[in-house]
Amino acid sequence: MCSSDLYQPIIRVCDGQMSGLEALIRWNDPERGRIAPDLFIPLAEATNLIRPIGRWVLREACRQMNAWTTTHPGLARLDIAVNISGRQLSHGGLLGEVQAALRDFNLPARQLILEVTESSLIHDLPTAVNQLRELRELGVRIAIDDFGTGNSSLGQLQALPVDILKIDRALLQAMIGTRSGAAVVQSVVELGRALHLGVVAEGIETAVQAAEFGRISPEGLAQGFLFTRPLDPLDLEREW
Ligand code: C2E
Ligand code: CA
Ligand code: CA
């Protein structure tokens, strides 16, 4: 397939250490070069191509993690996060694909995180909840991506089988400069604590944002251009 995965580190706020990586797909077009997912994922979703693409991303991320832990055994503590679209969730085959990828690349289920957005869940909530429940029974963790931008209610969140909230970049931007913006992030962090969910701040671009999020959530994780942009595996390895 003419695509590649970039990987963006996810950082522990308390000590700056990497806790995991998120796989982010790019389409390599011979003429136009590397195409960002926002341009082709919606098309892939509309044409059902998302299933083979999603399967490829999942298997490639597990293969890459296995290769890294073989050459650098210390990396076995890192999580690998893969984005899953609503179409993949509403199709019954996802569980088997995840089982196969974990088995074929000898990856412990605990190391894999599947990221789903709130909006991808609401189309067929009962099916999505069942799938997520079965995936969690394997030991895989589930993250709600772009949290704070969707329209699911807090009552719904409580019923969802999830482990991690990824706070959307927009909320982290609004956190600086307004007391209400900081209060919103604080509330999400407290919600995470109350429900025993991990919290990740997305799109951290400035040291001021990192410091403010660290004050609100010393136990939290963060991801963003301030730490590292999404990188090719070879460029990432040069940083280790
Ligand atoms: P996402 O899952 O929310 O991924 C985070 C996006 O934010 C990535 O964009 C990343 O490059 C970007 N980002 C990271 N740090 C910063 C920052 O500090 N500032 C700013 N402005 N942006 C930052 P990317 O790679 O273009 O991906 C866009 C979206 O495409 C993803 O959003 C995700 O929804 C989707 N996507 C990416 N890969 C896949 C995939 O394999 N499968 C599916 N279904 N969707 C994918
Ligand atoms: Ca994501
Ligand atoms: Ca996100």
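Here are four short exercises, with worked solutions, on the predicted model above.

**Exercise 1. Work out how the protein is built overall: how many helices and strands does it have, and what is its radius of gyration?**

Step 1. Begin with the secondary structure: eleven helices and nine strands make up the list.

Step 2. Turn to the radius of gyration, which is 17 Å. The globule rule gives 18 Å for 240 residues, and the value here is close to that, so the protein is as compact as a globular protein of that length.

Step 3. For a sense of the dimensions, picture a box of roughly 45 × 45 × 35 Å along the principal axes, filled by the C-alpha atoms.

Step 4. Now look at the contacts between residues at least 6 apart in sequence: 67% of them join residues at least 24 apart.

**Exercise 2. Find which residues coordinate the calcium ion (ligand 2), and where N83 and E115 lie.**

Step 1. Look around the ion for its donors: E22 (OE), N83 (OD1), E115 (OE) and D145 (OD) coordinate it at 2.1 to 2.3 Å.

Step 2. Place two of these donors in the fold. N83 belongs to strand β4 (residues 79–83) and E115 to strand β5 (residues 112–117), so this pair ties together parts that are 32 residues apart in sequence.

Step 3. Read the spacing of the donor residues along the chain: E-x60-N-x31-E-x29-D.

Step 4. Decide on burial, where under 20% relative accessible area counts as buried. E115, with 2%, is buried, while N83, with 27%, is partly exposed.

**Exercise 3. Name the protein donors of the calcium ion (ligand 3) and say which residue bridges this ion and the calcium ion (ligand 2).**

Step 1. List the donors: D145 (OD), D146 (OD) and E202, which appears twice through OE, lie 2.2 to 2.5 Å from the ion.

Step 2. Write their sequence spacing, which is D-D-x55-E.

Step 3. Bring in the calcium ion (ligand 2): the two ions are 4.1 Å apart, and D145 coordinates both. The bridging residue is therefore D145.

Step 4. Check accessibility once more. D145 is buried at 7% relative accessible area, whereas D146 is partly exposed at 26%.

**Exercise 4. Describe the surface and the charges: what area does the protein expose, and how many positive and negative side chains does it have?**

Step 1. Start inside: buried residues account for 50% of the 240 residues.

Step 2. Move outward: the protein exposes about 11500 Å², with 54% of it supplied by carbon and sulfur atoms.

Step 3. Count the charges: there are 22 positive and 29 negative side chains, and the centres of these two sets lie 2 Å apart.

Notes
Residues numbered from 1 in each chain as written. Chains lettered and ligands numbered in written order. Predicted model: local features only at pLDDT ≥ 70, side-chain atom pairs only at ≥ 80, totals over all residues. Heavy atoms only, no water. Donors = N, O, S within 2.8 Å, 3.2 Å for Na, K, Ca; no water. Helix = DSSP H or I, 4+ residues; strand = E, 2+ residues; numbered from the N terminus. Buried < 20%, exposed > 50% of the residue type's maximum accessible area, 1.4 Å probe, protein only. Rg over C-alpha atoms; globule rule 2.2 N^0.38 Å. Contact = heavy atoms within 4.5 Å. Areas by Shrake-Rupley, 256 points an atom, 1.4 Å probe, with all protein chains shown as cover. Lys, Arg positive; Asp, Glu negative; His and termini not counted. Charge placed at Lys NZ, Arg CZ, Asp CG, Glu CD.
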